[in-house]
Amino acid sequence: MLSHSIKEMIFYKVRYLLILFILFFIASLVFIINGLANGLSMDNASSIKKMNAESFFLDKDSENRIDRSKLTMGEISEDDFSANMQPLGISMTSMGIEKSDKDIEVTLMAINSASFLEPIAKEGKGLSNKKVNEVVLDDSLKQEGIKLGQKLRDEKSGVWLEVIGFTSNQTFSHTPVAFITFDTWKEINLEPFYSAIVVQNSSDSMEDISNKVNDGGWIEKEFVVKGIPGYEAEQNSLFMMLAFLIVIAVFVLGAFFYIMTIQKTNQFGILKAIGAKTAYLCKSTLLQVMILTMISLIAAVGFTWAIFLVLPEDIPFLFDPIQIAKFSGIIAIVSIFGSLLSTFNIIQADPIQAMGRVE
Amino acid sequence: MQSQYPLSLKSVTKMYEDGDKTAIILKDLSFNIKNGEMIAIIGPSGSGKSTFLSIAGALLTPDDGEVIVNGVTINNCNESDKANVRLNQIGYIFQTSNLVPYLNVEENLFFVLKMAKQWSVASKEFCHLLLEKVGLLNRAKHYPYQLSGGEKQRAAIARAFVNHPEIILADEPTASLDSSRSLAVMELISNMVKQYNKAAIIVTHDEQILPLCDRIFTMKDGNLVEKEREFI
């Protein structure tokens, strides 16, 4: 059966190549949009997504938006914090660069140094609890010409911060993150506050916080990420594109397979007349669809990988094998589903058609 | 004894709904054929020759009566069993060759064997023997579109014999050929039917092939009437 199916595809190269290309381009588009969605998601929210945290305690009025959440510092004592539970301060601000007219938009994140919230400094050194007015920046700011030792001025407070290190992939709402200690945080904010209490692994002490602070609640990281300004709108529109692409794929492939089997109805009739069973014909058609799908999916994965390699670095794109495998599965199911429409024609093909027909 | 005939029809009736009227195509038709016998069926078009052949070949189900192939009544078989009967017991030769276009000549023969799960070295050799008999061995690797009408029909004849069927059914096998070629094709069918001791029914318009047949029937009023030899 396999050789029979393949021989047919080789003989009618053009029509099968057309389907192959349609499948290939749809699959590639799905993979590329998925890569962009992942890339944008990382570019938008990598600081929270990569945070080794499980739940966040936010102010109830914040509507899951960590940048709006304000917890009064007085209500929680330093003793409540542990290696597993840490405070986090977030505020979005603009900063002036020393000896430059340029302003940069950053998100300040206040953390305790040496806590699980502190990112690894890839260049320079990390923050120290003993020193104030130091900052560790996301290395995307190097493209703005910022170097180690340079000073940045917080526009709101006028406080000068010295760049002592760079870390990588730390963004919040598409802005680079600037990490500072809580001592610096207190210098900058006249009324310092915690944006969130972050817990690494769920523990009983989460209830203590809930009891102490009335107007707040624990939410999981996933929801904090969704609450980042612009995150959901961005992801939803990309997701909608993906959903539409897959729906389009069902119809395009369905129509294509349908037309092809209509063309072959007479052929099916003849094969039935010389003894082929309906099940055999359905199986061989399905086999062809599976071969086509396999080839085009493998080609599309390769193509997406190539795109990933050649895209310039400032275009956010992430090649996620697990998600690509998932979408491959969906596309495979979709194309088999599309071809099932045509099995109806195979069942209906009448062997009597072989009789009495002059070419 | 039913089983002495490879094919026998008993009181077969077939009707068609034509608007509010019912047209009776075959009426209480009974018919037997022996091995080694070649029978021609002639008659005007629309007289039911092709319907008769379709019923004999398990392509159509009669409204009444019995169709017995090698002692087995096939009226009540399901589609899959009928497909098996067509595959293993009947060899068809159609008006047009109806070769599978994307398989070459020998693959068209192999394909039938593979479907019947009779694929072996011996059966492959038999394919080549058949192709030699129909004079197409040198064309075994050609695709149908590369063959002439007569060659295609000869390939179809070889295919009809490949599964060792007891019954050969031919529906106007020479309709798409000119007169010199059609005689050659008919001689070929006749020789092979005699050599392999098959039972063959040929539906035809072509008077010149009648001398090759053992018995000749005319389709008249839904029944088969045997013609006397002297009239030909």
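The following conversation goes through some named features of this predicted model and sets each one against its definition.

Author: Local features need pLDDT of at least 70 and side-chain atom pairs count only at pLDDT 80 or more, while totals for chains, interfaces and linings use all residues. Residues are numbered from 1 along each chain as its sequence is written, chains are lettered from A in the order in which they are written, and side-chain values use heavy atoms, with hydrogens and water left out.

Reader: Why are β1 and β4 of chain B called paired strands?

Author: Strands are DSSP runs of E with at least two residues, as helices are runs of H or I with at least four, numbered from the N terminus, and two strands pair if DSSP finds at least two bridges between them. Five bridges join β1 (residues 7–18) to β4 (residues 64–69) of chain B, so the pair meets the rule. Leu7(B), for instance, has Val69(B) in β4(B) as its bridge partner.

Reader: What makes β2 and β5 of chain B edge strands?

Author: The open sheet runs in the order β2-β1-β4-β5 (chain B), with antiparallel pairing. Because β2 (21–33) and β5 (72–73) each have a single partner strand, one side of each is left without a neighbour in the sheet.

Reader: What makes β9 and β10 of chain B a hairpin, and which residue in the turn has a positive phi?

Author: Four bridges join β9 (residues 215–220) to β10 (residues 223–226) of chain B, and the two run antiparallel. Two residues lie between these strands, and Asp221(B) in the turn has a positive phi of about 50°.

Reader: Why is the link between Glu107(B) and Lys7(A) called a salt bridge?

Author: The term asks for a side-chain nitrogen of Lys or Arg within 4 Å of a carboxyl oxygen of Asp or Glu. The side chains of Glu107(B) and Lys7(A) meet at 3.0 Å, N to O, so the pair fits that rule. The count between chain B and chain A is one salt bridge.

Reader: How many salt bridges are there over all chains, and what makes Glu8(A) and Lys264(A) one of them?

Author: The count over all chains comes to 15. The N to O distance for Glu8(A) and Lys264(A) is 2.9 Å, and therefore the pair qualifies. This pair links distant parts of the chain, with Glu8(A) in helix α1 (residues 2–11) and Lys264(A) in helix α6 (residues 231–273) of chain A, 256 residues apart.
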